[in-house]
Amino acid sequence: MNLAYFVAPLAVSGISAALAALISITDRIVNNYGEVTIDVNSGSKKLEVNGGANLLVTLAESGIFVPSACGGRGSCGECKVKVNSDVGPHLPTEIPYLDKDQIQNNVRLSCQVKLKTDIGIEIPEYLFKIKQYTGTVERIRDVTHDIKEVYFKLDDGQTVDFRAGQYGQIEVPPYDKVKDRTQRAYSMSSVPSDTNHVEFLVRLVPGGIVTTYVHDRLKEGEKMKVIAPFGEFYVRETDATMICVAGGSGMAPFKSIFYDFIEKDKMKDRDIWYFFGARTKKDLFYLDELEKMQNEHERFHFVAALSEPQPEDEWEGETGLITEVLGRYLKEEISQEKPKEGYLCGSPGMLDACMAVMREHGMTEDKIYFDKFA
Amino acid sequence: MAPAIHPISLFFASIFTSNILLANFLGMCSFIAISKDSKSSNGLGLAVVVVLTITTALNWVVLNYVLVPLDLVYLRFIVFIIVIASVVQMLEMIIDRVSQTLYLSLGIFLPLITVNCAILGVSLFMEIRQYSFIQSAIYGFGSGLGWWLAIMALSAIRKKTEKSKVHAGLQGAGLTFITIGFMAMAFIGFAGLLQVQ
């Protein structure tokens, strides 16, 4: 055997190994910033962490989940955090995502800020409540031909603290051709008082990574990661008439909101109109529950509308697009005098169309609430 | 055998008469792309000086103490690139730690330099011309300065031509190429004074 064959590969790998060792030694020495303190919201929380990594990752390791869609690559601009101490000028990678005021106030992308010294930051209080949970599927069932109701029990007796209407992210492990873990946002349909469970309604989207997984693979007893709660979609504490519009799995936040109202005995306090749009009768669900709710609570009104009722549906309710039905009710059935608030959940197209109808009938945009994710 | 050129002559030759950009036309991509903005040109030029000086010297050591004894000189391309990439990686970490100002002016350019052909070119010339260690280090440093000088000169000229009336078909890259051509001629005008071999 001629040893000369091995000289070249050995030499190249030897050189590479030596350089790699040098790099990691440099990393150890140079990137070791020791322990630094993160002062969150001027003293409301103090975190002792190891420096060297970026702020987004370090906060996540300490259990504070700043929203980030790109996972820290600096391409989504979601992870903005106001920094009160000096961490150097803005990087060229941050500038495109910040407006003038934000730059003035030293708002930074937390994924681009490297922790070198003690730092003071300001983040919205609700971020403290966001946690990562592991849930076990306790029950999974079809509510329509393409919507599944998934009921998770949170492991280790953990509890979640959320407002009815907020959403959570469920994380699906890699499967088939999907190489990465994938997160998608779904509104929680369980009531907040059920603190050690969360429920989601997941509609099958053809080709959707998470929806396909939930529909084809997820079984009772399986575990899944859930990060919650997120979002600004919850009922404002006024006595304005609530105009709620949903389609498909957009039912989820309203299920949570209405049952929460019933539990807290708030159904008698304000008028609620709930419009639910579907194509045919097989797309409708929870009808019995909602009709029962309507019978028991005088000020709660439920209107289901089918856009393409089939002859075999024997449908006697409203027909037409949900926007047409909504327009008709706003004009004829719902009191014109009382102030109104809009609550929307559904596809982006439906949201835009409903907003237009609501504006047409004198509702202002700052009183129309929704979470846009689809 | 190392050529008999005096290190000081080599230093000036590598800046002017055999400017790596304008005589050898290496490192053109970033030269043309970055010279639009003089501040960035300055940052990139500075980064090239630092990286060239260090990598040329380091590659000389690797070449003469590892590749030549093992008769593996044909692997120089791969090995030089690995050395350059690692040095850039380490430099980035060190500069980040030592000076925030320098990091901000070099920061995003350092990784770009790994694939700059001027860097590899200088290491290969160093090998072809069989320079001694001192000569290599000086040649690397001089070439870096030459590159810096050239990109600053071009960005200054472009600042002027930006405001001048230029035929539509020649605006932007077209005029830049012509400018570079003239600059190359001007620099080669020094060639009679000094020759690098």
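Okay, let's start with a definition: when I say helix, I mean a DSSP run of H or I with at least four residues, and a strand is a DSSP run of E with at least two, both numbered from the N terminus. With that in hand, look just past helix α7(B): the helix is followed by Gln130(B), whose phi is positive, near 55°.

Quick housekeeping. This is a predicted model, so local features need pLDDT of at least 70 and side-chain atom pairs count only at pLDDT 80 or more, while totals for chains, interfaces and linings use all residues. Residues are numbered from 1 along each chain as its sequence is written, and chains are lettered from A and ligands numbered from 1 in the order in which they are written.

Now chain B as a whole. How many helices and strands does chain B have? Nine helices and zero strands, so you'll understand that the pattern along the sequence is just α nine times over: α-α-α-α-α-α-α-α-α. Of its 197 residues, 40% count as buried, where buried means that 20 or more other C-beta atoms lie within 10 Å of the residue's own, exposed means 12 or fewer, partly exposed is in between, and the C-beta atoms are placed from the backbone. Two residues are in contact if those backbone-placed C-beta atoms lie within 7 Å. Among contacts in chain B between residues at least 6 apart in sequence, 81% join residues at least 24 apart.

Back to α7(B). This helix has twelve residues and reaches 16 Å from first C-alpha to last, close to the 16 Å expected; that expected span is 1.5 Å times one less than the number of residues. Which of its residues are buried? They are Ala118(B), Ile119(B), Leu120(B), Val122(B), Ser123(B), Phe125(B) and Met126(B). The cover over them includes α3, α4, α6 and α8 of chain B.

Let's take α3(B) from that list. The axes of α3(B), residues 38-67, and α7(B), residues 117-128, come within 9 Å and cross at roughly 35°. Axes here are lines fitted to C-alpha atoms, for helices over the stretch in contact, with angles from 0 to 180 degrees between N-to-C directions. The crossing is right-handed, meaning the near helix is turned clockwise from the far one by less than a right angle; anticlockwise would be left-handed. On the α3(B) side, the residues that meet α7(B) include Val48(B), Leu52(B) and Trp60(B). By class, this contact has nine nonpolar, four polar and one charged residues. Nonpolar covers Ala, Val, Leu, Ile, Met, Phe, Trp, Tyr, Cys and Pro; charged is Asp, Glu, Lys and Arg; the others, Gly among them, are polar.

One residue to click on is Ile20(B), in the loop between α1 and α2 of chain B. Why does Ile20(B) count as buried? Because it has 28 C-beta neighbours inside 10 Å. Among the residues Ile20(B) touches are Ala118(B), Gly121(B) and Val122(B). Gly121(B) is 101 residues away from Ile20(B) in sequence, and 8.4 Å away in space, C-alpha to C-alpha.

Last stop, the partner chain. In the contact between the chains, 18 residues of chain B meet 16 residues of chain A. The elements of chain B giving two or more residues to that side are α3, α4 and α5. α4(B) has the largest share, ten residues. By class, the chain B side divides into 14 nonpolar, three polar and one charged.

Methods. Lists of a residue's contacts leave out its neighbours within four places in sequence.
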